[in-house]
Amino acid sequence: MSGCTQVWATGTEEIPCPVASRLLWIGAEADVSFARHGASSPLSCEVTACSSLEQGLAWLATNTCDLVLLDLDRQPPYSCREIATLVAAAGEGLVLVVINELQGEQAADAMRCGAIDYVIKPFSARQLSDAILSALRLGQATHNLVSVSQVSKQVLQLARRAAKTSASVLISG
């Protein structure tokens with residue numbers, strides 16, 4: 001399976017993902033991260049962990065998933081080209097990046113390269129579950145949208161994030 005392992009299949013509260021979801025977590029400590037957060041997560045979906053981008057791309061060559069979680073907390077950081085390659089390899093799957101609190105610029109760069117959203121470390125199992133559910137729901141067909149392009153999905157995700165704050169938001173174009 002290209003050096004990747006399945007690390008989490010069922011959460012504690014059995015909250016089903018909005019679709020029959022398969023998640024791919026890519027990061028140096030992906031199996032450790034999901035062992036720590038997955039055990040107490042309320043989500044119930046299949047997760048595969050790969051320790052490197054190369055392993056993740058190899059896994060995606062023969063498998064499909066609904067969401068890729070890419071851990072950007074590494075040195076050197078992934079380039080926009082590498083992230084764009086991952087987004088393309090994910091096909092219909094979406095890419096959610098995981099950052100540390102000092103990586104706001106990398107999160108913005110990743111979103112310009114096709115990532116749908118980000119989650120900031122350290123996070124609780126509930127925060128991770130909420131970010132995953134939000135991204136998966138956004139990936140589902142939405143009948144009342146004029147467009148379902150990747151860029152439109154990113155705008156909607158940012159609007160949802162802003163809606164949780166008291167910030168004013170202007171979307172134009």
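**Cysteines and a buried aspartate**

Cysteine 80 comes out as partly exposed, with a relative accessible area of 42%. That value, like the others here, comes from a predicted model. The partner of cysteine 80 is cysteine 113, and the two sulfur atoms of this disulfide sit 1.6 Å apart. Cysteine 80 belongs to helix H3 (residues 80-90), while cysteine 113 lies in the loop between helix H4 (104-112) and strand S8 (117-120). With the two positions 33 residues apart, the pair ties together distant parts of the chain. The torsion about the S-S bond is about -120°, so the disulfide is left-handed. Unlike the partly exposed cysteine 80, cysteine 113 is buried, at 9% relative accessible area.

A search of the whole structure turns up just one disulfide. Why does cysteine 65 have no bond to the closest cysteine sulfur? That sulfur belongs to cysteine 50 and is 9.4 Å from the sulfur of cysteine 65, which is too far for a bond, because a disulfide calls for sulfur atoms within 2.5 Å. Cysteine 65 is also tucked away: its relative accessibility of 6% counts as buried.

Turning to an acidic residue, aspartate 71 is part of strand S6 (residues 67-71). Aspartate 71 is buried too, with a relative accessible area of 7%, a figure that falls under the 20% cut-off. Its side chain makes a polar contact of 2.7 Å with the side chain of lysine 121. Leaving aside residues up to four places away in sequence, aspartate 71 touches Trp25, Ile26, Gly27, Tyr78 and Val98 as well as Lys121.

Notes: Residues are numbered from 1 along each chain as its sequence is written. This is a predicted model: local features need pLDDT of at least 70, side-chain atom pairs count only at pLDDT 80 or more; totals for chains, interfaces and linings use all residues. Side-chain values use heavy atoms; hydrogens and water are left out. Helices (H or I, at least four residues) and strands (E, at least two) are DSSP runs, numbered from the N terminus. Buried means under 20% relative accessible area, exposed over 50%, partly exposed in between (1.4 Å probe, protein chains only). A polar contact is a pair of N or O atoms within 3.5 Å; within protein, one must be able to donate a hydrogen and the other to accept it, and residues adjacent in sequence count only if both atoms are side-chain atoms. Contact means heavy atoms within 4.5 Å.
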